[in-house]
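User: I would like to learn how to read rings and buried side chains in a protein model. Could we go through one together, step by step?

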Amino acid sequence: MIFIVVRFKVRPEYQDRWLETTAEFTEATRSESGNLWFDWSRSVDDPSEFVLVEAFRDGDAGAEHVKSDHFRKGLEAMRPALAETPRILNTEIPGTDWARMGELEIG
């Protein structure tokens, strides 16, 4: 799978409506056949930072995502709200789901 984490720094006037700003993009991406997950979180230490954790079945699914109309529209919707260029980690790893954390295995 293609595993991606993106950190977004959002301008103060957009922070409270970031999830609304990205809602259409989020919904469209989650409905892609090759999308495994697409989850937003907000930093507990920095209210301007939102983190996106997403995964796609394979490189082809990731490429289709980037070529989609909703991807382009999503970037356009996000751009005015951003305080800086987002930071991204993008890697290919085996599997199609989260593994269990052995150190905290629950009976």
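**Reading rings and cores**

User: How is Trp-40 to be classed, buried or exposed?

Analyst: Trp-40 has a relative accessibility of 15%, and because buried means under 20%, Trp-40 counts as buried. Please keep in mind that this is a predicted model. Phe-38, with a relative accessible area of 1%, is buried by the same cut-off.

User: Which geometry do the rings of Phe-38 and Trp-40 have as a pair?

Analyst: A pair of aromatic rings is described by the distance of the centres and the angle of the planes. For Phe-38 and Trp-40 the centres lie 6.2 Å apart and the planes make an angle of 85°, so the pair is edge-to-face, a class that begins over 60 degrees.

User: How many aromatic pairs are there altogether?

Analyst: The count comes to 10 aromatic pairs. One of them joins Phe-8 and Trp-40, whose rings are tilted, with 5.3 Å from centre to centre and 50° between the planes. This pair connects distant parts of the chain, since Phe-8 belongs to strand S1 (residues 2-9) and Trp-40 to strand S2 (residues 35-42), 32 residues apart. Phe-8 is also buried, at 6% relative accessibility. Ring pairs go on to link Phe-8, Trp-18, Phe-25, Phe-38, Trp-40, Phe-50 and Phe-71 into a cluster.

User: Which residues have the most contacts inside the largest nonpolar core?

Analyst: That core has 18 residues, and those with the most contacts inside it are Phe-8, Val-10, Trp-18, Trp-40 and Leu-52. The elements that give two or more residues to this core are S1, S2, S3 and helix H4 (69-78), and the largest share, 4 residues, comes from S1. Another core lies apart from this one; it has 6 residues, among them Met-1, Trp-37, Val-51 and Ala-55.

User: What does Trp-18 touch, when residues up to four places away in sequence are not counted?

Analyst: Trp-18 touches Phe-8, Val-10, Trp-40, Phe-50, Met-78, Ala-81 and Leu-82.

User: Where does Glu-49 lie, and what is Glu-49 in contact with beyond its neighbours within four places in sequence?

Analyst: Glu-49 lies in strand S3 (residues 49-56), and at 6% relative accessibility Glu-49 counts as buried. Leaving aside those neighbours, the contacts of Glu-49 include Arg-7, Lys-9, Arg-42 and Arg-87.

User: Which ring does the charged end of Arg-17 sit over?

Analyst: The charged end of Arg-17 sits over the ring of Tyr-14, at 4.6 Å from the centre of that ring.

Key
Residues are numbered from 1 along each chain as its sequence is written. This is a predicted model: local features need pLDDT of at least 70, side-chain atom pairs count only at pLDDT 80 or more; totals for chains, interfaces and linings use all residues. Side-chain values use heavy atoms; hydrogens and water are left out. Rings of Phe, Tyr and Trp (its six-membered ring) pair if their centres lie within 6.5 Å; planes under 30 degrees apart count as stacked, over 60 as edge-to-face and the rest as tilted. Buried means under 20% relative accessible area, exposed over 50%, partly exposed in between (1.4 Å probe, protein chains only). A charge sits over a ring if NZ of Lys or CZ of Arg is within 6 Å of the ring centre and within 35 degrees of the ring normal. Contact means heavy atoms within 4.5 Å. A nonpolar core is a set of buried Ala, Val, Leu, Ile, Met, Phe, Trp, Tyr and Cys residues joined through side-chain atoms within 4.5 Å.
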